[in-house]
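I am opening my notebook on a new structure today. Come along while I look up a few things in it.

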Amino acid sequence: MDRFQQFTDQWLPIIGKAVVETFQMVGVSLLFSILIGVPLGILVVLTRPGQSLHNKWVYGGLNLIINIIRSVPFIILLFFILPFTRFIVGTTIGVQGVIVPLVIYTAPYISRLIETALLEVDNGVLEAYKAMGIKTRQIIWNVMLREARPSLILGLTIATVGLIGATAMAGLVGAGGLGDLAYRFGHLRYEVDVMYATVLILIILVQTIQTIGNRLAARLKKD
């Protein structure tokens with residue numbers, strides 16, 4: 001008990017700060033990734049062969065860009081775009097310095113998840129609305145996105161969990177957060193208790209997010 005009290009007195013403020021930094025990285029990066037990834041995913045679907053906005057050049061170009069970015073592991077991408085990150089935000093360390101690579105890494109992933117979810121919508125339903133003369137914009141918002149809500153929620157849940165893992169890797173460049181805490185104190189300084197605490201927090205965080213996402217998707221599916 002005394003050891004636990006000593007641990008909390010020494011490390012609880014540091015761990016609390018790391019948790020807040022992780023939430024900041026995940027929250028801001030996820031917001032920008034959604035703002036970029038969702039329209040990108042919709043555009044990929046609409047420009048596919050046979051779709052209303054079919055354009056092989058746009059579709060091929062978007063596919064190529066998305067595939068190239070998704071082919072690069074995050075830790076490599078993180079170092080590769082350091083000059084670009086410094087140009088955009090003026091720094092490559094701390095929470096601010098990791099937002100750009102997190103968004104570049106996550107947005108194409110979300111666009112693929114959005115594409116997959118929208119392609120699951122029954123084509124017969126879409127054709128019926130098209131036959132009634134409903135505009136493409138209305139079909140996107142009132143039919144495709146509505147019908148695909150459960151899959152969209154599950155996809156965004158997966159993306160969020162992956163984003164948490166990416167923030168942990170970002171700790172290698174001093175981005176802050178739980179990854180930085182585990183690396184600097186748990187690994188470099190051999191503070192085993194800190195490593196265990198970090199892993200436990202990440203497990204709880206991921207399980208909570210996944211559970212919420214699963215339940216929300218199940219509720220939307222019933223509706």
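Is Thr-85 buried or exposed? I should say early on that the model I am reading is a predicted one. I found a relative accessibility of 0% for Thr-85, so I wrote it down as buried.

**Entry: around Thr-85.** I placed Thr-85 in helix H4, which covers residues 82-89. Next I looked up what Thr-85 touches, leaving out residues up to four places away in sequence. My list for Thr-85 reads Gly-90, Thr-91, Thr-92, Gly-97, Val-100 and Pro-101.

**Entry: the largest nonpolar core.** I then turned to the largest nonpolar core, which has 32 residues. Ile-42, Phe-74, Val-98, Leu-102, Ile-114, Leu-118 and Met-144 have the most contacts inside it. The elements that give this core two or more residues are H1, helix H3 (74-80), helix H5 (94-119), helix H7 (136-147) and helix H8 (149-169). Which element gives the largest share of this core? I found that H1 does, with seven residues.

I picked Phe-74 for a further look, again setting aside residues up to four places away in sequence. Phe-74 touches Val-98, Pro-101, Leu-102 and Tyr-105, and also Ala-166, Met-169 and Ala-170. Apart from the largest core I noted another one, of ten residues, including Phe-7, Trp-11, Val-19 and Leu-178.

**Entry: Ala-197.** My next stop was Ala-197, in helix H10 (residues 192-222). Its relative accessibility is 16%, and buried means under 20%, so Ala-197 counts as buried. Beyond its neighbours within four places in sequence, Ala-197 is in contact with Phe-7 and Ile-15. How far apart are Ala-197 and Leu-118 in space? I noted 39 Å from C-alpha to C-alpha, with their positions 79 residues apart in sequence.

**Entry: a patch on the surface.** I also looked for nonpolar residues on the outside, and found a surface patch of about 450 Å². Val-28, Leu-31, Phe-32, Leu-35 and Ile-36 make this patch. Ile-36 is found in helix H1, residues 2-46. With a relative accessible area of 43%, Ile-36 is partly exposed.

**Entry: what the record says.** Finally I checked UniProt, where the unreviewed entry lists residues 26-46, 58-81, 87-107, 152-174 and 194-213 under "transmembrane region". I looked up two of these spans in the model. Residues 152-174 are 78% helix and 0% strand, and their end C-alpha atoms lie 32 Å apart. For residues 194-213 I wrote down 100% helix and 0% strand, with 29 Å between the end C-alpha atoms.

Terms used
Residues numbered from 1 in each chain as written. Predicted model: local features only at pLDDT ≥ 70, side-chain atom pairs only at ≥ 80, totals over all residues. Heavy atoms only, no water. Patch = residues over 30% accessible without salt bridge, like charges linked within 9 Å, V, L, I, M, F, W, Y side chains within 5 Å. Areas by Shrake-Rupley, 256 points an atom, 1.4 Å probe, with all protein chains shown as cover. Salt bridge = Lys/Arg side-chain N within 4 Å of Asp/Glu carboxyl O. Helix = DSSP H or I, 4+ residues; strand = E, 2+ residues; numbered from the N terminus. Buried < 20%, exposed > 50% of the residue type's maximum accessible area, 1.4 Å probe, protein only. Contact = heavy atoms within 4.5 Å. UniProt positions renumbered as here; feature names shortened; annotations may be inferred. Core = buried A, V, L, I, M, F, W, Y, C linked by side-chain atoms within 4.5 Å.
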